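Please load the coordinates and keep the selection panel at hand. The stops below are meant to be visited in order.

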Amino acid sequence: AGYIAHRLTGQHLLGVGEASGVFPISQATLDYDADMIAKFDELMTEESGSLNATSILELLPKVRLAGMDGGTVTKEGAAILGLPDSFASRNIPVAPAEGDQVAALAGSLIADPGQVACSFGTSVCANSVGDRPFKGVSAAVDHFCAADGRPINMIWLVNGTTFMNSTVDMFASATDITRSQAFETIMPKVLEAPPDCGGLLALPFMNDEPGLNVTKAGSAGLYGLNATNASAGNAVKAAILSAMFNLQLGSDVLTDQGYPRTELILSGGVTKTPELGQILADVFDAKVTLFDAAEEGTAWGAALMGAYRHSVLQAAGTDGDGHESWSNYLSRVDKGEANVEFYPDASRHEAYNEVYAKYKQLLKDVISQST
């Protein structure tokens, strides 16, 4: 993102979200952490000896928040875009450069603490807006910033719906139908299956899961299979629940630090089967929302950041003073009329919690046996 923006504008700038992946950001200043800059420079001076190493701060791109000046399109930038040279004289503004995660957050209209952008597909990524910096270090949680600098706690799983898809494919191959046809046939049975899947549990680790300390993976498994619970609905539901439970394991780290969780905005491949949103709502005891543009959320988010930069200029000129906040701006964006919302059911949440406890014990036992 930063390279493309540099080619378009000639500026050495980054949005704060992208910048947080380059060097840690201080929540006090919403700029590079000065203490860490000093420590880094001290180490470099020690290593370089008489070379008089340049401060890392002189090499890093300048940090910009959403709505701030990200430069304008130059003559060279216009040429890259295939535009006439005259466009360079129009001072076309460019929003601060951000990456896909920050853009996806924007496209989910997420800016307030407690909201979680959850992309649920072959891998899973849940980005939670925090109300304060994370304490300590956890292998399960990574960190970056939203477009306005708010702290984001990210839980990322390698193993998402792959095991569920493989299970569906297994049943599809037996009946010589396509995966989509198999989903249409099996999904009603998944929704009818009880929370405990008749006593069936699954572990979805077709790949390693570093955040959960799962190594030497490569094969998933179904546990507790018997003549009573051996059904497509139970097997597929156990597979998707295992991915949701792994997401919950990471989320528990945030819960233990008192972070709020009010709503999950769902995107990714799982939105093709929106009914699974109800299971996610019941597992997490939180509202789940699917936006109409869930599959184009990242592109929409990038457009919104550009539109917000424009609104800042329209409201207060190039200095950007007096404009509305990023959070307020997102709250006014039309969410569309085709949104789907799922609300948790207390009794089902309690039932899933019991299954979750059994899942954690199973995972603990398997990990201990493999080490």
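**A strand and its partners**

Begin by selecting strand β5 (residues 115-120) and strand β11 (residues 263-267), which run parallel and are joined by 5 bridges. This is a predicted model, and every stop should be read accordingly. Within this pairing, highlight Q115, whose bridge partner in β11 is E263.

Next, add strand β6 (residues 124-129), which pairs with β5 in the antiparallel sense, again over 5 bridges. Here A117 has N127 as its bridge partner in β6. Following the chain from β5 to β6, one passes through a hairpin of 3 residues.

Is β5 enclosed or open to the outside? Of its 6 residues, 5 are buried, so the strand is largely enclosed by the rest of the structure.

**The nonpolar cores**

Now select F120 and L247, the residues that touch the most other members of the largest nonpolar core, which has 61 residues. Helix α9 gives the most to this core, with 13 residues. Around L247, display C118, F120, V124, A126, I155, L157 and F284, its contacts beyond four places in sequence. Another core, of 27 residues, lies apart from the one just visited; among its members are C125, I152, I265 and W326.

**A serine in the helix**

Finally, move to S242, which lies in helix α9 (residues 232-256). At 0% relative accessibility, S242 counts as buried, the cut-off being under 20%. A polar atom of the S242 side chain is 2.5 Å from the backbone oxygen of A239. Beyond four places in sequence, S242 touches A202, L203, P204 and Y359.

Methods. Residues are numbered from 1 along each chain as its sequence is written. This is a predicted model: local features need pLDDT of at least 70, side-chain atom pairs count only at pLDDT 80 or more; totals for chains, interfaces and linings use all residues. Side-chain values use heavy atoms; hydrogens and water are left out. Helices (H or I, at least four residues) and strands (E, at least two) are DSSP runs, numbered from the N terminus. Buried means under 20% relative accessible area, exposed over 50%, partly exposed in between (1.4 Å probe, protein chains only). A polar contact is a pair of N or O atoms within 3.5 Å; within protein, one must be able to donate a hydrogen and the other to accept it, and residues adjacent in sequence count only if both atoms are side-chain atoms. Contact means heavy atoms within 4.5 Å. A nonpolar core is a set of buried Ala, Val, Leu, Ile, Met, Phe, Trp, Tyr and Cys residues joined through side-chain atoms within 4.5 Å. Two strands pair if DSSP finds at least two bridges between them.
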